[in-house]
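Hi everyone, thanks for making time this morning. Let me put the model up on the screen, and then we'll walk through a metal site and a DNA surface together.

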There are 2 protein chains.
Amino acid sequence: MEHDFYRILKGLKLKVTPKRIAIMEIMAAEKTYMSPDELRSKLKQRFKNIGLPTVYRNLEELAKEGVIIKIIHPDRKLYYFYCHRKEHHHHFVCVSCRRVEDITFCGMEEIKKEVEDGLKGHMVSHMLQVYGFCKNCLIKQVVSQ
Amino acid sequence: MEHDFYRILKGLKLKVTPKRIAIMEIMAAEKTYMSPDELRSKLKQRFKNIGLPTVYRNLEELAKEGVIIKIIHPDRKLYYFYCHRKEHHHHFVCVSCRRVEDITFCGMEEIKKEVEDGLKGHMVSHMLQVYGFCKNCLIKQVVSQ
DNA sequence: GTTTTAAATAGAAACGATTTTCATTTAGAT
DNA sequence: ATCTAAATGAAAATCGTTTCTATTTAAAAC
Ligand SMILES: [Zn+2]
Ligand SMILES: [Zn+2]
Ligand SMILES: [Zn+2]
Ligand SMILES: [Zn+2]
């Protein structure tokens, strides 16, 4: 698995540093989105010194390259998630446990049609995100009643 | 028109202050989204003293009550827009001039189905926003070439 | 293997949008 | 006209994020 990350970084012409590898390992192992500070807490278990700017920079670089994604959050803070799927798609985010899951529905064609035919504009991108309670959290709710 | 805003504020049990009315008037007259600071600049033309916290507070209150909407922006700053349409719908945002236009496509049913049948979760809300160039900006691009 | 150099990093400081605090003013009820 | 809770302005605080700079390090060149 580490070899995957190694190759990904090489492909992006980024230096393969222990911290980069660790960031990718930790992110890829998480089922939930994380803030830079939460990621740093996990990195602290492996490295004595790890600066927050390093975490911010690496997350941003990886997001820019499409290796990880940014999660749009109502609190307008930065959150990232390692998404294994590479085709265009969107995400379901659990408002209780932060779990992220893929959604295959998109609607890009209909939207594009409406923008171009209806508004006579040109669509550049679109953002779709779904919020709710994941399977696990629904079960917990029922059990705890 | 002012009477509309008067009645809206009354309906929300908010005091009808000159600044609240002015904020609603300015927002409702704009075809583009605005930041709190941009709104304050406009308010300064009418009021000698107008504090930024007042602008922030009022925008947030009006957004909470659904009178205006928040625009999700990649820069993660706060932007608001007075949307005249009241039914559930989404928006097209021009990345060049900030114009906001209604989109009727939604896809809520398909998404809900996928979350509930596929993921066995429960959908609470969803966020869709479309970015691109509006009609006017497309024309300007062509003309200036 | 050694040298070179550009990228990566840590730590400290800066930044800036947003929020909080608090004293004063004001809308609207009595 | 009086009262009270809401609204406001000014100043300060907050805090997530970014910048700066000296140091370290990956990896290319030798
Ligand atoms: Zn959950
Ligand atoms: Zn899509
Ligand atoms: Zn435009
Ligand atoms: Zn919708």
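How are the donor residues of the zinc ion (ligand 4) spaced in sequence? The pattern reads H-x1-H-x15-C-x19-H.

Before going further, a word on the ground rules. This is a predicted model, where local features need pLDDT of at least 70, side-chain atom pairs count only at pLDDT 80 or more, and totals for chains, interfaces and linings use all residues. Residues are numbered from 1 along each chain as its sequence is written, chains are lettered from A and ligands numbered from 1 in the order in which they are written, and side-chain values use heavy atoms, with hydrogens and water left out.

Back to the zinc. The ion (ligand 4) is held by NE2 of B:His88, NE2 of B:His90, SG of B:Cys106 and NE2 of B:His126, at 1.9 to 2.1 Å. Donors here are N, O and S atoms within 2.8 Å of the metal (3.2 Å for Na, K and Ca), and since water is not among the atoms, sites may look incomplete. The angles among the four donor atoms run from 101 to 129 degrees, and the site is tetrahedral; for four donors, that label asks that all angles lie between 85 and 135 degrees.

Are B:His88 and B:His90 buried or exposed? B:His88 is partly exposed, at 43% relative accessible area, while B:His90 is buried, at 5%. Buried means under 20%, exposed over 50%, and partly exposed in between, with a 1.4 Å probe and protein chains only.

Now the DNA. Strand C is surrounded by 23 residues, and the closest are A:Lys19, A:Asn49, A:Thr54, B:Tyr56 and B:Leu78. A residue counts as near if one of its heavy atoms lies within 4 Å of the strand. Of the strand C atoms within 4 Å of the protein, 70% belong to sugar or phosphate, and the rest to bases.

Some polar contacts, meaning pairs of N or O atoms within 3.5 Å: the side chain of A:Thr17 places an N or O atom 2.8 Å from a phosphate oxygen of strand C. B:Leu78 uses a backbone N or O atom, 2.6 Å from a phosphate oxygen. For B:Lys15, a polar side-chain atom sits 3.1 Å from a base nitrogen of strand C.

And which helix gives the largest share of this surface? That is H4(A), with four residues; helices are DSSP runs (H or I, at least four residues), numbered from the N terminus.

Note on methods
Tetrahedral: all angles 85-135°; square planar, octahedral: opposite > 155°, others 65-115°. Polar contact = N/O pair within 3.5 Å; in protein donor to acceptor, adjacent residues only side chain to side chain. Helix = DSSP H or I, 4+ residues; strand = E, 2+ residues; numbered from the N terminus.
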